[in-house]
Amino acid sequence: MKNNLTHVNFNKNISTMQLRMQFDVDTYIPEHSKVRLVCNIVEEMNLNSILSTYSILGRKPVVDPVTMLKILFFCYSEGIRSSRKIRDFCIFDLRAHFLLQYCKPPSYSTVNRFRKGLEDFAPDLLNQFVEILYDDGHVDLENIYIDGTKIESLAGRYTFVWRKSVLSYQKKLQERVIKEQNLPENSSLDFVAKHVEREFNRIRNYCSSKSIAFVHGIGHHKSQEQKDYEYFKDILDKFEKYREHLMLMGDRNSYSKTDHDATFMRMKDDHMKNGQLKPGYNMQFASNGAFIVGVMGSHKANDLHTLRPFLEQMLPRFGNRVTRIVADAGYESVENYAFLKVNGLMSFIKPVNHETSKRKKSKSDIGKRENMLYLEKEDAYECKNGKKLTRDKDRIKKYDSGYEDTTRVYSCNECAGCQHNSACIKSKKEEGGTKKTLQFSPAFEEYRRQSHQNITSDVGIIQRLNRSIQAEGMFSKLKGGLRYDRFSHRGMKSVVSDLILMAIGINLNKLYSKKCNKQTGVIEYTKTA
C-alpha cells in the first residue's frame with residue numbers, strides 16, 4: 001500500500017505532548033563567550049558606510065546588516081566560510097540564535113549577497129578593528145612584520161594563457177598575412193590588422209550590396225566572395241582574440257581563462273612533484289603584537305615588487321606610528337631600501353647574502369669584489385694575480401616607479417692565461433675567457449650594510465625572532481588551523497575581501513585568547529637563554 005503521509009508524527013503513541021516555548025538564549029551563553037566579544041567589537045565600529053547602502057524604502061532585509069556582520073565575523077573565526085554552512089550554523093547553533101535574537105535565519109543566497117556587498121568596505125572594517133586594538137593597547141604599530149604567501153585560485157589548473165604563446169601566434173599570423181596579401185615585409189602589426197579590417201569591410205559591403213547568399217554543408221559550393229569573407233573574418237577574429245588576451249594580461253606573463261585576475265605561480269603545495277604552475281594570488285600580511293594589521297593581494301609572484309605598494313596602502317592609515325619594517329630576504333632591493341629611507345622608516349630586511357657571507361667558501365672566493373683590494377686613488381680593484389680592474393662607464397637603471405640607480409662597472413682584459421682564471425671567472429659565458437667584470441651599486445651596498453647592522457643589533461635580533469614567529473605564525477593559523485588553502489571566489493577584489501574577513505576572524509581568536517588568559521599589552525617575544 002502506498003504511503004501518502006507527508007509528515008511522520010513521532011508522538012502519536014504518547015498521550016501527552018510537550019508544548020514548544022520560546023526561551024531566552026542569553027541565559028545559555030557564558031558571560032565571557034567569544035560570541036559576546038564579537039558583538040562588542042562590531043558595536044564599537046562605525047558602520048554608517050555599510051548602512052547607507054540600504055534604502056529605508058521597500059522591503060526590509062531578513063536580517064539587519066549589523067547582525068549579518070556579527071554572524072560573518074564569528075563564522076570566519078570558526079573557519080566556517082561556505083554560505084550553506086553559515087546558513088546551517090544560523091539554523092542549528094545556539095550561538096547564532098543569540099546573535100539573531102529570534103530573527104529568521106538568512107538563506108545561503110542572502111549570506112552571499114551580503115558578503116559580496118562588503119567587498120568595498122572590508123579594508124575599512126579591518127582598519128577600524130586595528131584602531132580598537134590600538135586604543136586598548138594590544139598593538140602599538142611601531143614594528144610591522146611583513147611576509148607573503150601564495151594561495152591557489154578557484155580557477156582550473158589547466159586554464160592558462162601564456163604571453164609568449166600569444167605573441168608567437170600573433171607574429172606567425174602577421175607573417176602569414178604579409179605573405180598572402182603581398183604586403184611590405186616590414187609592415188607593423190597595426191598596419192596588417194587595419195589592412196585585414198579594411199578588406200573585410202570591403203568584401204562584406206560588396207556581398208551585402210549584391211545580395212550574395214552564403215551556403216554551408218555538404219553539396220553546396222561556396223562562392224569566391226563567401227570564401228574571401230570567411231578568410232578575412234577568421235583572421236580578424238584571431239587578431240581580436242590575441243589583443244584581448246594581452247589586454248587582460250597587462251604586465252603579467254600569464255592569466256587564467258576562468259579567473260582573469262589569477263596569475264600562474266609555483267606553489268609550495270606541489271601535488272604532482274614537478275613544479276607545476278597553478279593559478280593563484282600572492283597575498284601579503286602585515287602583523288604587529290600577534291595581530292594582523294594589513295592585507296594586500298598582488299599579481300606578482302615575487303615578494304620583491306610588493307613591499308612598496310603594500311606600504312603605500314598602509315602608511316596613510318597608520319601615520320607616524322610605524323618606525324620599523326621587518327621582512328625577510330625576499331624583499332631586499334635598492335628601490336625598497338630607498339623607499340623606506342624617504343619615508344623615515346628603519347629597515348630590518350635580512351640581506352640575501354646574510355648566511356652565505358659567513359661561510360669559509362665565500363670568504364675565500366677570489367672572484368668576489370669584497371675579497372679584492374680596492375685602490376682608492378686609482379678607483380680600481382686589484383685581483384689575486386695583481387691585475388687591475390679599472391672603472392668603465394657607469395650604467396643607470398630606471399625602475400617602473402621612476403627611481404634611478406647607478407651601477408658601477410669595473411673590468412680587466414688581461415685574464416687570458418691567468419692561473420686563477422677558473423676560480424675567478426665563474427660565469428659560464430665567460431669561463432676561460434679573457435675578461436673579468438665586476439658590477440655593483442654603491443647605494444645598494446650602503447643600504448645593505450645599514451640593514452645588516454640593524455638586524456645584527458640587540459634590537460634587530462629580537463625583531464627577526466618576532467617576524468619569524470608572528471608573520472609565519474599567521475600563515476600557520478590561516479592554512480593549518482582554519483584550513484584556508486584555496487580561495488572560493490574569483491577576482492582580486494573578492495579574494496582580498498574574503499581574506500580580510502579571515503584576518504578579522506584570526507584577530508578575534510587572538511583577542512579572545514588574550515582575554516581568557518588575562519593578558520594585556522603588546523605581545524613581543526624575547527630570546528630565551
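A polar contact is here a pair of N or O atoms within 3.5 Å, where, within protein, one atom must be able to donate a hydrogen and the other to accept it, and where residues adjacent in sequence count only if both atoms are side-chain atoms. The structure is a predicted model, in which local features need pLDDT of at least 70 and side-chain atom pairs count only at pLDDT 80 or more, while totals for chains, interfaces and linings use all residues. Residues are numbered from 1 along each chain as its sequence is written, and side-chain values use heavy atoms, with hydrogens and water left out.

Thr306 offers a place to apply that definition: the backbone oxygen of Asp303 lies 2.7 Å from a polar atom of the Thr306 side chain, and the side chain of Gln284 makes a polar contact with the side chain of Thr306 at 3.5 Å. Thr306 sits in the loop between strand S6 (291–298) and helix H11 (307–318), where helices (H or I, at least four residues) and strands (E, at least two) are DSSP runs numbered from the N terminus. Thr306 counts as buried because its relative accessible area is 1%, the class being set at under 20%, with exposed over 50% and partly exposed in between (1.4 Å probe, protein chains only).

On a wider scale, the protein is divided into domain 1 (26–118), domain 2 (143–154 + 274–353 + 450–517), domain 3 (161–256) and domain 4 (354–441), with bounds that come from an automatic or database domain assignment. The C-alpha centres of domain 1 and domain 3 lie 53 Å apart. An unreviewed UniProt entry annotates residues 25–116 as "domain: Transposase InsH N-terminal"; such annotations may be inferred rather than shown by experiment. This span is 59% helix and 0% strand, and its end C-alpha atoms lie 30 Å apart. Leu57 lies in the loop between helix H2 (48–51) and helix H3 (65–77), and Leu57 is classed as exposed because its relative accessibility is 66%. From Leu57 to Phe114 there are 57 residues in sequence and 18 Å in space, C-alpha to C-alpha.

The open spaces come next. On a 1 Å grid over the protein atoms alone, a pocket is an open set of points with protein on both sides within 12 Å along at least five of seven lines, whereas a cavity is a set where a 1.4 Å probe fits but cannot get out; lining residues have an atom within 4 Å of a point. The largest pocket holds about 540 Å³ of space, and of its 21 lining residues Thr149, Lys150, Lys268, Asp269 and Lys479 are the closest to its centre. Strand S1 (143–152), strand S5 (277–288) and helix H16 (458–481) each supply at least two residues of this lining, S1 giving the most with 6. By class, the lining of the largest pocket has 4 nonpolar, 3 polar and 14 charged residues.

The second largest pocket holds about 430 Å³, and of the 23 residues that line it, Arg369, Thr437, Leu438, Gln439 and Phe440 are the closest to its centre. The largest share of this lining, 5 residues, comes from S14. The structure also holds 1 cavity of 30 Å³ or more. Among the 15 residues lining the largest cavity, the closest to its centre are Cys383, Asn385, Cys415, Cys418 and Cys424, and the volume of the largest cavity is about 120 Å³.

Terms used. Grid points are joined across faces, edges and corners, and a volume is the space filled by probe spheres set on the points. Ala, Val, Leu, Ile, Met, Phe, Trp, Tyr, Cys and Pro count as nonpolar, Asp, Glu, Lys and Arg as charged, and the others, Gly among them, as polar.
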